[in-house]
Amino acid sequence: MLKAGLNNILKTPFSEITALHELEKSLKVTCEEFIMSVTKLVVDPMLSFVTKVTAVKVALSSGNQNQKLETVMARPLKDQAFASPDKVAELVQKVSTAVQQELPRVVAKMKLYLQNPSTRTILFKPIK
């Protein structure tokens, strides 16, 4: 069986192998772009929040303990305007709404283009 598979590969024209390889690379890039766009669509507000939190943590850790930083970023996270309880609740609501509304739309569109459920599962798994 291995010999038969090897013979088939050896009989396949180089241009066909190259075309298949290019198609595979293109499909991989397209799937990665799709996954990133759906992720951004759904959790972008959360990603923005995490970026701000990281900036605050860096600002707090980079200052000397004996020296108080006077910048806005040097205040503790709980004192940051973007991290107030109201803002965090709003953020959670936005992400929750996006998960409940946008993901079902994406899945419905995937069903139009990808008839095979296992193919959809493979592509959608990284998003989940």
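This passage walks through the fold, the surface and the salt bridges of a predicted model.

The protein chain is a helices-and-nothing-else affair as far as regular elements go: four helices, zero strands, running α-α-α-α from the N terminus on. Of its 128 residues, 18% count as buried. The exposed surface comes to about 10300 Å², and carbon and sulfur atoms supply 63% of that area. As for how the chain meets itself, 55% of the contacts with a separation of 6 or more join residues that sit 24 or more positions apart.

Now to the charged pairs. Side chains of opposite charge can pair when their charged atoms come close. Searching the whole structure turns up four salt bridges, and among them is the one between E22 and K25, with the closest N and O atoms 3.7 Å apart. These two residues belong to helix α2 (residues 14-62), and because they are three residues apart there, about one helical turn separates them. Both ends of the pair are partly exposed: E22 has a relative accessible area of 41%, and K25 has 43%.

Helix α3 (residues 85-113) holds both E90 and K94, set four residues apart, or about one turn of the helix. They form a salt bridge too, with 3.7 Å between the closest N and O atoms. E90 is partly exposed at 40% relative accessibility, and K94 is likewise partly exposed at 47%.

Further along helix α3 come E102 and R105, three residues apart and again about one turn of the helix. Their side chains meet in a salt bridge at 3.0 Å, N to O. R105 counts as partly exposed, with 47% relative accessibility.

Definitions and conventions:
Residues are numbered from 1 along each chain as its sequence is written. This is a predicted model: local features need pLDDT of at least 70, side-chain atom pairs count only at pLDDT 80 or more; totals for chains, interfaces and linings use all residues. Side-chain values use heavy atoms; hydrogens and water are left out. Buried means under 20% relative accessible area, exposed over 50%, partly exposed in between (1.4 Å probe, protein chains only). Contact means heavy atoms within 4.5 Å. Accessible areas come from the Shrake-Rupley method with a 1.4 Å probe; for residues, only the protein chains shown count as cover.
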